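Q: Pick one part of this predicted model and go through it closely. Start with the packing, then turn to the space around it.

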Amino acid sequence: FAEAEAALNQSFALHAGPAAYVRKLFYLLYVYDDLDGAAKVVAKVPGPFLLRDEATQFVSSLWLWRHDAEKCIATLRRFDGDELYGVPKGYLIGHAFEISGRLPAAELEWRAALQKRYAKLVAAPNDPNALYGKAYLLACLGEKTEADRLLKIYEQMTSPGGNTLDFLRADILVRLGRTDEAIATIETGTRDPVRNTLDLEW
C-alpha cells in the first residue's frame, strides 16, 4: 500500500485528474477509514466520472457508511446497470433504505434482487457467487433457515474444507444473528489476509 500510494501522490503532483481522485478514494475509505476526507474528494470529481463502476462502488459505500441514505440511493440510481462487480444494485439500495429505517422499501429492493439471483441460478445452478447472493438476500429478508442451508452449500462449493472467504461468510452470519461466530470468523480472516483478498463478486 505504501509504495502504491507514493506512486499515486506523484500522479497528483503531475496532474490531479478524475482517475487519480477515484483511486485516492480507495485509500481514504478502505485503508484509512477517513470518511470526511473521502467526502471532500468526491466533491472534486466531475459528476459523469462518478457513474463508472468503480467510482459508484466507492461513492455509494462512502454515503452508506456515513448513514446518508439519500445520497447513497441517488448515487446508485444514477448507475446504469443491475450489478456492481456482481453485487445486485437492489441489495445496496435496500441496505440504504434499511439504515434509514424504511424496512418495507428495503424488502422490496431485496426481493427484486433475489428474483435476479434465482434467474442466475436457473441458468448456472453451480455458480457459487449466485448461490452466495441468494443466501445473503434471504438472510436480509429474515428467511434464516434457508439462508443457513445455502451458506453451508456455498462453503462446500468454494473449498474442500468448507473454508470460504471469511469476511463474506461473516456478512451472512451477522444477518443470521450469529454475532459471536461472525466476530470469530473475522478474527480468523485477519490472521490470514491472503485468503481474504477483496472479492465483491456475488
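A: In this predicted model, take the contact between α6 and α7. From α6, the residues involved are G90, Y91, I93, G94, H95, F97 and E98. From α7, their partners are L103, A105, A106, E109, W110 and A113. By class, this contact holds eight nonpolar, three polar and two charged residues.

Now the geometry. The α6 and α7 axes cross at roughly 170° and come within 8 Å of each other. α6 is therefore roughly antiparallel to α7. In sequence, α6 covers 89–99 and α7 covers 103–123.

α6 has another partner, α5, which spans residues 69–78. Here the axes lie 9 Å apart, and the packing angle is about 165°. So α5 is roughly antiparallel to α6. The crossing of these two helices is left-handed. α5 brings A69, C72, I73, L76 and R77 to the contact. α6 answers with K89, L92, I93, A96, F97 and I99. Nine of the residues in this contact are nonpolar, none is polar and two are charged.

Compare the residue lists for α6. I93 and F97 meet α5, and I93 and F97 also meet α7. K89, L92, A96 and I99 are listed for the α5 contact. G90, Y91, G94, H95 and E98 are listed for the α7 contact.

Next, the space around these helices. The second largest pocket has a volume of about 150 Å³. Its lining counts 13 residues. Nearest its centre are D82, K89, G90, A113 and K116. Both α6 and α7 supply at least two residues of this lining. α7 gives the most, with six residues.

Several names now come back. K89 lies among the residues nearest the pocket centre, and K89 is also part of the α6 contact with α5. G90 and A113 are in that central group too. G90 in α6 and A113 in α7 also belong to the contact between their two helices.

The make-up of the pocket lining is worth setting beside the contacts. The lining has eight charged, four nonpolar and one polar residue. In the contact of α6 with α7, the counts are two charged, eight nonpolar and three polar. In the contact of α5 with α6, they are two charged, nine nonpolar and no polar.

To recap α6: its axis crosses that of α7 at roughly 170°, it packs against α5 at about 165°, and it helps to line the second largest pocket.

Definitions and conventions:
Residues are numbered from 1 along each chain as its sequence is written. This is a predicted model: local features need pLDDT of at least 70, side-chain atom pairs count only at pLDDT 80 or more; totals for chains, interfaces and linings use all residues. Side-chain values use heavy atoms; hydrogens and water are left out. On a 1 Å grid over the protein atoms alone, a cavity is a set of points where a 1.4 Å probe fits but cannot get out, and a pocket is an open set with protein on both sides within 12 Å along at least five of seven lines; lining residues have an atom within 4 Å of a point. Grid points are joined across faces, edges and corners, and a volume is the space filled by probe spheres set on the points. Helices (H or I, at least four residues) and strands (E, at least two) are DSSP runs, numbered from the N terminus. Ala, Val, Leu, Ile, Met, Phe, Trp, Tyr, Cys and Pro count as nonpolar, Asp, Glu, Lys and Arg as charged, and the others, Gly among them, as polar. Axes are lines fitted to C-alpha atoms, for helices over the stretch in contact, and angles run from 0 to 180 degrees between N-to-C directions. Angles under 35 degrees count as roughly parallel, over 145 as roughly antiparallel, 65 to 115 as roughly perpendicular and the rest as oblique. A crossing is left-handed if the near helix is turned anticlockwise from the far one by less than a right angle, and right-handed if clockwise. Contact means heavy atoms within 4.5 Å.
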